[in-house]
Amino acid sequence: MKKLFYNGDIITMEHDSNQTAGVLVEDGLIKNVLREEETTSYLKGSDVEKVDLQGKTLLPAFIDPHSHLSMMGPMSLLADLKGCGNFEDIQNMLKEYIKVNEIEKGELVVGFGYDHNFLVEEAHPLKDVLNTVSTEHPILLVHASGHIGSANDAALEMAGIDEQTPDPEGGIIGRVEGTNEPNGYLEETPIMALQKKMFQNNKMNPMEVLALGEEVYIKNGITTVQDGATSEATVKLFNSYSDKFKVDVVMYPLVAENPESLEKNRDMVGRYKSRIKIGGYKMFLDGSPQGKTAWMTEPYEGEESYRGYPRYQDEEVKQYIETAIKADVQLLTHCNGDAASDQLLENYITALEESDNPNKNNLRPVMIHCQTVRNDQLDKMKDIEMIPSLFISHAYYWGDVHLKNFGETRGNRISPAKSAFDRGLVVNFHQDSPIVPPDMLHTVWCAVNRITRKGVIIGPEERVSVYDALKAVTINAAYAYFEEDRKGSIAPGKIADLVVLDSNPLKVDKRKIKNIKVLETIKEGETIYRA
């Protein structure tokens with residue numbers, strides 16, 4: 001039976017929204033977008049299921065252009081350290097977590113979400129702090145950025161890190177001053193390696209954990225979700241779960257670590273198999289600006305020469321780019337610092353020039369995060385049709401920290417959304433979940449207002465309109481997946497992926513957009529969540 005959505009505000013993300021009074025859905029697709037008189041006519045019929053919006057707002061379902069679905073469930077089961085204000089809070093939270101969860105001696109204990117920038121000590125809780133919690137449990141703390149963290153002696157031993165362990169390429173092992181003894185601090189590569197062990201040690205049914213993570217996106221009105229940096233084990237898990245997914249999932253294996261996944265699963269490269277597909281490859285080039293591991297062209301504020309550092313050398317980066325272009329797939333690249341952005345752009349442009357792939361200019365490469373991207377770099381991105389995917393929520397969550405780390409000029413340019421839109425780039429916004437929750441309405445609020453946690457307006461010239469912010473999480477996000485002809489707007493023939501909100505973001509006070517609630521999430525015409 002057909003469904004008719006009517007009696008509410010309908011934002012189609014097309015140019016005719018003001019004339020839209022109803023949306024007709026049939027067999028999971030949008031059959032028609034109706035004006036007032038057409039809607040009235042259908043309401044008189046008996047062969048249509050009438051869905052009265054009761055003044056609420058209907059728009060295309062949100063699309064997540066970058067996050068880590070496979071990490072969402074596991075992270076929700078860890079010790080939550082986001083509200084900790086000092087080392088003692090962290091210690092108490094970990095002790096309570098061990099007790100409540102009856103974690104046996106020798107089992108790994110993981111806490112997620114602490115941020116040294118907001119602790120009284122303004123420092124990382126090193127192994128001496130964590131050893132007081134337990135010497136019998138390996139303890140790993142993952143920073144809110146996901147790029148740095150701390151471990152106690154037992155966790156360092158589990159990871160095989162001791163005085164003889166050199167700093168790995170693209171990472172740092174903290175040392176006790178004046179010695180080679182590890183102090184528990186881990187940066188980039190070593191913390192990433194320990195996180196892998198963390199997921200391997202998870203005892204819960206992996207499918208139950210996956211469903212737990214998926215549900216978070218659904219409750220936020222999202223019907224297409226990404227798993228960035230997908231491992232081979234995750235590809236297998238998703239394949240076994242594919243007929244149970246309620247949302248569409250796009251995977252991106254790491255080109256440097258897991259290139260074989262793409263070739264092993266060619267049948268789902270660029271096309272859905274049940275509800276999953278492989279979109280291309282993922283690559284990391286640097287770290288986190290709030291953790292001061294992002295690779296910058298100029299030193300951090302207050303530093304004489306320290307600029308962060310790269311993950312790979314140029315020859316490796318070019319090789320990975322060539323792998324993606326030769327495979328005829330999209331490449332998503334993590335770049336927070338402008339030096340990392342330079343490295344990506346210079347090597348991608350060279351690889352394009354040297355490639356004989358006739359489709360090389362149609363691959364829609366993506367620069368992920370773009371926190372400190374410069375205008376000249378945005379111009380180069382436009383030249384090669386590279387997509388900027390901005391972690392715009394940084395303006396709120398870490399805007400105050402960026403002003404401190406980068407100074408007024410660079411700090412205010414964090415996530416330069418308006419500059420990117422003005423150049424005609426197909427901008428999208430993401431949350432890098434589970435780093436921050438996949439709350440698209442909070443993200444829209446961040447882009448429109450650019451207010452920090454302390455209430456500071458950061459870079460007001462980079463604010464965007466509400467409509468452009470909505471584009472960034474609907475039709476523009478669909479474009480990044482080559483799905484703009486099927487998703488991202490309400491138009492005849494498109495998939496009926498829809499979301500119902502309690503208020504219209506185009507009409508409410510801009511400061512109140514973050515308070516808008518998702519009432520219903522609809523996938524292919526069927527409700528998969530109702531508040």
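Which side chains meet in a salt bridge with an N to O distance of 3.1 Å? They are the side chains of R175 and D167, where a salt bridge is a side-chain nitrogen of Lys or Arg within 4 Å of a carboxyl oxygen of Asp or Glu.

The structure is a predicted model, in which local features need pLDDT of at least 70 and side-chain atom pairs count only at pLDDT 80 or more, while totals for chains, interfaces and linings use all residues. Residues are numbered from 1 along each chain as its sequence is written, and side-chain values use heavy atoms, with hydrogens and water left out.

## Salt bridges

Side chains of opposite charge can pair when their charged atoms come close. The structure holds 34 salt bridges, and the table gives three of them together with the accessibility of each partner. Here a residue is called buried under 20% relative accessible area, exposed over 50%, and partly exposed in between, with a 1.4 Å probe and protein chains only.

| Pair | N to O distance | Acidic partner | Basic partner |
|---|---|---|---|
| R175 and D167 | 3.1 Å | D167, 40%, partly exposed | R175, 23%, partly exposed |
| E263 and R266 | 3.4 Å | E263, 45%, partly exposed | R266, 33%, partly exposed |
| D338 and R374 | 3.0 Å | D338, 5%, buried | R374, 24%, partly exposed |

For the pair of D338 and R374, the position along the chain is also informative. D338 lies in helix α11 (residues 338-354), and R374 lies in the loop between β19 (366-369) and α12 (375-383), so the salt bridge ties together parts that are 36 residues apart in sequence. The names of these elements follow DSSP runs, numbered from the N terminus, with helices being H or I runs of at least four residues and strands being E runs of at least two. Besides such pairs, a network of salt bridges links D248, R275, K277, E483, R486, K487, D497, K523 and E524.

## A sheet and the helix that packs on it

Six strands form an open sheet in the order β8-β9-β10-β11-β13-β12, with mixed pairing, where two strands pair if DSSP finds at least two bridges between them. The edge strands, each pairing on one side only, are β8 (79-80) and β12 (171-175). Strand β8 pairs with β9 (residues 109-114) in the parallel sense over two bridges, and the bridge partner of A79 in β9 is G111.

Helix α3 (residues 87-100) packs on this sheet and touches β8, β9 and β10 (139-143), while its direction makes about 140° with that of β9. Contact means heavy atoms within 4.5 Å, and the angle, on a scale from 0 to 180 degrees between N-to-C directions, uses axes fitted to C-alpha atoms, for helices over the stretch in contact.

The 14 residues of α3 reach 20 Å from the first C-alpha to the last, close to the 20 Å expected at 1.5 Å a residue, the expected span being 1.5 Å times one less than the number of residues. Which residues of α3 are buried? They are F87, I90, Q91, L94, Y97 and I98. Seen down the axis of α3, these buried residues fall within an arc of 130°, so they line one face of the helix; the arc is that of the directions from the helix axis to the C-beta atoms. What covers them includes β8, β9, α4 (127-131) and β10, whereas the face turned away from the buried side carries the exposed residues E88, K99 and V100.

## Two buried residues and their contacts

K2 is in strand β1 (residues 2-6) and counts as buried at 19% relative accessibility. Leaving aside neighbours within four places in sequence, K2 is in contact with L24, V25, E26, D47, V48 and E49.

N476, in helix α18 (residues 475-480), is buried with a relative accessible area of 8%. Not counting residues up to four places away in sequence, N476 touches F421, V426, V427, N428 and K471.

## Backbone details

Most residues other than glycine have a negative phi, and most peptide bonds are trans. D27, although not a glycine, has a positive phi of about 55°; D27 is in the loop between β3 (22-26) and β4 (29-34) and counts as exposed at 72% relative accessibility. H369 also has a positive phi, near 85°, but H369 is in strand β19 and counts as buried at 2% relative accessibility. The peptide bond from S433 to P434 is cis, with omega near 15°, and P434 is found in the loop between β21 (428-429) and α16 (440-449).
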